[in-house]
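Q: Could you zoom in on one helix pair in this model and tell me how the two helices pack, and then say a bit about the sheet?

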Amino acid sequence: MNSRLITQRLLLISMMFFSVSPFAHTPFSLADTSSPKTTLVDFLYFSEIVIKHWQEEKLDTKEAKHAYNQAVRAMDLSLVHNRSRTVVLMERIILLREILDRFDTEVLQAAPDYDQAKEMSYWRFANSDLSIVRLESGSRQGQFVFSANTIQQIHSWYRNMESLPYASESRIDYYQDFLIGPGPLFSKGFIYSLPVDLLQLYGSLPLWQWLALLSIFVVCKLLIKLSFKLGELWNSHWETKGQRWQVGRLLSLLSAVLILLATRRVIDNGIWITGSVYQLLSTAFLLWQFFFASWLILALFNYLATIYAYHKHNGKEVDSSLITVLARIFGGLTIAILAIYIVEFMGFSISPIVAGLGVGGLAVALAIRPVLENVINGLTLYADGGIKIGELCRYGDKLGTIESIGLRSTRIRTLERSLITIPNSEFANMEIDNLERRDKRRMEHTFRVRSELTRDQLRLLLVNIRRVLLRHPQLEEEPLRARFMGVGEYGILVNVLAYIRCRDHDEFMAVQEDVLLMVMRQIEIVGAQLAFSNQYQFAGKLSAVDEALKEKASNTVKQWHDTNNYPFPDFSFEYKYEIKDTIIYPVTTSAIRKNATA
């Protein structure tokens, strides 16, 4: 039936039942919803056009799209899930048309016109719960549409009236044809040419749709698995190119989202399933799409944060960790916005959820208070800048290296290589000593020298140690000391203090070792010996102090006095400058130097 015949038929129906002018409708006119009668007439008019174009597989024409939109305008879809899907609304249009065509003409003619409906808020079809109501709010306030409850209960009313004859003329049941037929992506001729057994209904769907669903699910699963496999191969192939090329997982997730979108499109516009099966599958697909899309969003934000952190800060700065955490926060907010959109897209209203949050806000706030404390204290640690990932810190009475600073907790690797997780609310309140932030490392030792040492030997020992400390290139010039601290229980106390120019602990230990060996050498040179407990000294065989070394020390001290170069309390500034950093470290025979020049 062509468009001209459709128009002629509908104009004839309008004039017969509703006394509507034959010039009231054109294929591209807007639906009149100013009264129950005009709403009913326009729905019948535009639904007839939509159904005929659907039967002729011409839903993509301008006339069909316009008629579809005007028929939809006559219905309140606020309670319909997935109301943006063509298959869902086409099902409502066809079901409503099937019900209306079974009402007696007297019932339809009783629909009030504009003058009669001025004081009415709704009009109910005789002996039914179907009604046309006036919208009391929103941008369409004052217009009459088929009520939301009517559209929601339309399946049950169709089942109640399915056995009744049509009021005007006998015809095929549009809805039964709709259940068996495909969507716009598939050819009706091909589907109707299938064996009769495949067109039989099993539950609410024909057998061919069940088989098509099974096939497309298998293909969808295989394609998603293949996309993840290809993503792993991509990362393996470009592993040597650096972090920037590690986008295999991102491409896999993007492919999974696109595969699900394509599958959903085939189901919506090709297989065209309806009813509760469609609602179940559409919900499942939306959840899967939301899952993969959320995963993709988090992976994308983490990837961008990782690229920025490793290229700008080598992944070790607090700012790098902060960027990662901020990326997760923004990713979570993006996912929350996406979730709201999904809820609205499925036809649910978020108003009750917002109201529920308002009522239960206090309870929720009390429940998540520890979580919020950890998050706030975690951000405080970042803003403070007192610690960085990879730094050695003393927290309380323990030592450990910071491994990660998250929103909820901080992870620390102890010296025993165990991993400790401390909530940020506790860690932020601890006294934290950041050992990595030291610009230099303090070395202090007290040596106990045997009391047989003469005063001149002691003076020479102090000068020699002080000279060694000044000459070492890894030691700071100030503060630096080698002083006679007094007489202890077992011998004379010589205190040595210096600051080593390093931050790394292993380097500190190496330099300190070198300095201590030099000090031990100076003790041997002047003829001194280290003192131990009295029991050990009497029990052992300790050699006496060399008299020649005693005399040499006395002559050296006398020479200092004679030349007015007595180095107490300290060397002259000129001498300090002259001998500063004159020792080679490491020594020229060190294996480190050999490796460096190799």
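A: Here's the helix pair, followed by the sheet. Quick housekeeping: this is a predicted model, where local features need pLDDT of at least 70, side-chain atom pairs count only at pLDDT 80 or more, and totals for chains, interfaces and linings use all residues. Residues are numbered from 1 along each chain as its sequence is written, and side-chain values use heavy atoms, leaving out hydrogens and water.

Helix 18 covers residues 455-471 and helix 19 covers residues 505-525; helices are DSSP runs of H or I with at least four residues, strands are E runs of at least two, both numbered from the N terminus. The two helices pack at about 150 degrees with axes 9 Å apart, the axes being lines fitted to C-alpha atoms over the stretch in contact, with angles from 0 to 180 degrees between N-to-C directions. That makes the pair roughly antiparallel (over 145 degrees). On contact (heavy atoms within 4.5 Å), L461, N464, I465, V468 and L469 of helix 18 meet V515, M518, V519, Q522 and I523 of helix 19. Those residues split into 8 nonpolar, 2 polar and no charged (nonpolar being Ala, Val, Leu, Ile, Met, Phe, Trp, Tyr, Cys and Pro; charged Asp, Glu, Lys and Arg; the others, Gly among them, polar).

Now the sheet: 5 strands form an open, antiparallel one in the order 9-8-7-6-10, where pairing takes at least two DSSP bridges. Strand 9 (419-423) and strand 10 (432-434) sit at the edges with a single partner strand each, so one side of each has no neighbour in the sheet. Further in, strand 7 (residues 398-405) is joined to strand 8 (residues 409-414) by 5 bridges, and I402 stands opposite I412 in strand 8.

Terms used. Angles under 35 degrees count as roughly parallel, over 145 as roughly antiparallel, 65 to 115 as roughly perpendicular and the rest as oblique.
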